[in-house]
Amino acid sequence: MISVLPVIWHQPKRDGETFLFGRKKTGKTPKAEKSINTEKTVEIDKNKIAKIDKKDKIDKSVKKEGSEKLNKRYQKNKDPDSDLQLDYQSLDKNLDLLDQSDEISDSSFYELETVTLELPGKEDVTKDLGRQKNAARSPQKKRWRVKVGTSSVIGSRKSQQDSVFGYESKGWALGIVCDGMGGLCGGDVASRVALQSVADAWFEKKDSMRNIPDFFRREAVLADQKVYGQTSPEGERLNAGTTIVAALIQEKGLYWLSVGDSKLYFIRGKEIVSLNVEHNYRLELNERLRQGKMTAKEYAAEEYRAEALTSYLGIGELTKMDINQKAYSLKDGDIVLLTSDGLYRSLLEEEILSIVNANRHDMQQAADALTAAVKGRKKQDNTSVVILHYIMENAL
């Protein structure tokens with residue numbers, strides 16, 4: 001986290017005479033600076049509002065009549081030889097300040113208001129009038145931001161073969177979950193190689209990238225070849241593979257890449273939906289049943305193999321991948337959840353939604369709560385999650 005210290009900006013003085021009425025702890029009024037080349041000077045203090053060449057006198061009692069009447073009275077009584085135009089309305093706003101007690105508490109804060117008296121053909125005479133800081137503030141600027149949370153647990157397995165990555169910067173974010181397979185160290189190597197390949201490519205090309213779907217397609221094929229080419233210390237091919245689900249948030253839109261059966265959930269309010277397609281044998285069985293190419297009995301006989309993957313990185317000739325061609329539009333508060341199958345095979349979608357919404361204030365806490373919910377279960381697979389929370393907040 002980066003701490004930002006407040007910066008005080010000082011406006012340079014204009015040419016002319018400047019008075020400061022923001023009093024310090026002593027309650028004293030700073031002395032006036034010297035006038036620069038002005039033929040007429042204006043003095044303002046608690047008892048005299050303005051004195052202009054000893055000709056115009058403004059009684060404090062006329063303050064109650066309002067700026068409009070005061071201007072009319074001034075126009076009627078002003079010296080015809082005087083070219084000075086006085087901004088009475090601005091002075092009226094500060095009469096209450098001038099009537100305040102001499103004692104000002106140490107906790108009072110002041111800001112400067114500028115009132116300018118114009119002398120035709122001469123330099124401006126400027127007075128900075130201090131007043132209590134109760135003026136209406138201008139609306140704060142808003143900016144989009146993505147909050148990230150990541151978590152991974154080994155479950156009851158002997159090794160951790162999942163790899164996760166989450167990163168955000170200036171309104172964009174990248175999340176990746178890879179679920180390795182292959183036994184011994186093969187799955188660990190496969191998931192790590194695939195994740196690093198895609199993440200490194202993104203950071204190398206993001207500034208010049210124009211087509212995100214094409215980027216995901218090329219990098220998926222490249223990562224597949226890298227995983228396929230991994231060898232053991234003895235020089236033999238590992239025969240390992242990994243799933244991948246990657247989500248990129250940029251310019252109020254969501255893009256994703258999915259190969260295998262890791263899931264991409266989209267959460268908006270009290271709704272949760274899976275956005276990507278699982279590349280397993282069940283997908284083929286469902287399609288064949290729908291087209292009438294197999295009977296319900298034949299479907300049941302094959303269902304024990306339904307979870308077998310039909311596409312993954314490391315297969316060697318990658319053809320099946322899920323990539324959206326058009327950005328999925330996001331709104332303030334939307335949440336994107338990337339997860340390995342260890343989560344959704346242990347928790348119902350309603351349970352996942354409830355845990356995430358209960359921890360909306362902190363995405364890291366939400367990620368930890370999800371993995372904690374599956375800890376201690378028998379035959380629990382490696383479980384990994386990345387959460388991206390798209391929000392609008394005040395700019396610093």
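## A turn between strands 9 and 10

Let's start in a loop: Glu-251 sits between strand 9 (244-250) and strand 10 (253-259). Keep in mind that this is a predicted model. Glu-251 has a relative accessible area of 74%, so it counts as exposed, the cut-off being over 50%. Its phi is near 50 degrees, a positive value in a residue other than glycine.

Lys-252 is found in that loop between strand 9 and strand 10 too. Here phi is near 65 degrees, again positive in a non-glycine residue. What makes such values worth a look? Most residues other than glycine have a negative phi. As for cover, Lys-252 comes out as partly exposed, because its relative accessible area is 46%.

## The chain as a whole

Stepping back, the chain has 10 helices and 16 strands. It runs to 396 residues, and buried ones make up 41% of them. The accessible surface comes to about 23,700 Å², with 49% of that belonging to carbon and sulfur atoms.

How much of the contact map links residues 24 or more positions apart? Among contacts with a separation of 6 or more, such pairs account for 68%.

## Helix 4 against helix 5

Now for some helix packing. Helix 4 (residues 186-205) and helix 5 (residues 212-228) pack at about 145 degrees, their axes 9 Å apart. The crossing is right-handed.

Which residues of helix 4 and helix 5 meet? Helix 4 brings Ala-190, Val-193, Ala-194, Ser-197, Val-198, Ala-201, Trp-202 and Lys-205. Across from them, helix 5 offers Phe-215, Glu-219, Ala-223, Lys-226 and Val-227. Sorted by class, that contact has 9 nonpolar residues, 1 polar and 3 charged.

## Helix 9 against helix 10

Further along the chain, the axes of helix 9 (residues 349-358) and helix 10 come within 8 Å and cross at roughly 145 degrees. This crossing is right-handed. On the helix 9 side the contact is made by Ile-352, Ile-355 and Val-356, and on the helix 10 side by Ala-366, Ala-369 and Leu-370. How does the contact of helix 9 with helix 10 split by class? It has 6 nonpolar residues, with no polar and no charged ones.

## Gln-380, buried in a loop

After helix 10 comes another loop to look at. Gln-380 lies between helix 10 (363-372) and strand 16 (383-394). Is Gln-380 buried or exposed? Its relative accessibility is 3%, so it counts as buried, the cut-off being under 20%.

What does the side chain of Gln-380 do in there? One polar contact, of 2.8 Å, joins it to the side chain of Ser-346. Another polar contact, also listed at 2.8 Å, runs from the side chain of Gln-380 to that of Thr-383. Leaving out neighbours within four places in sequence, Gln-380 is in contact with Ile-154, Gly-155, Ser-156 and Arg-157, along with Gly-342, Ser-346 and Val-374.

## Asp-341 and its aspartates

Last stop: Asp-341, which is found in helix 8 (residues 341-344). Because its relative accessibility is 11%, Asp-341 counts as buried. What does Asp-341 touch, not counting residues up to four places away in sequence? The answer is Asp-179, Asp-261 and Asp-381.

Definitions and conventions. Residues numbered from 1 in each chain as written. Predicted model: local features only at pLDDT ≥ 70, side-chain atom pairs only at ≥ 80, totals over all residues. Heavy atoms only, no water. Helix = DSSP H or I, 4+ residues; strand = E, 2+ residues; numbered from the N terminus. Buried < 20%, exposed > 50% of the residue type's maximum accessible area, 1.4 Å probe, protein only. Polar contact = N/O pair within 3.5 Å; in protein donor to acceptor, adjacent residues only side chain to side chain. Contact = heavy atoms within 4.5 Å. Areas by Shrake-Rupley, 256 points an atom, 1.4 Å probe, with all protein chains shown as cover. Axes fitted to C-alpha atoms, helices over the stretch in contact; angles between N-to-C directions. Left-handed = near helix turned anticlockwise from the far one by under 90°. Nonpolar A, V, L, I, M, F, W, Y, C, P; charged D, E, K, R; others polar.
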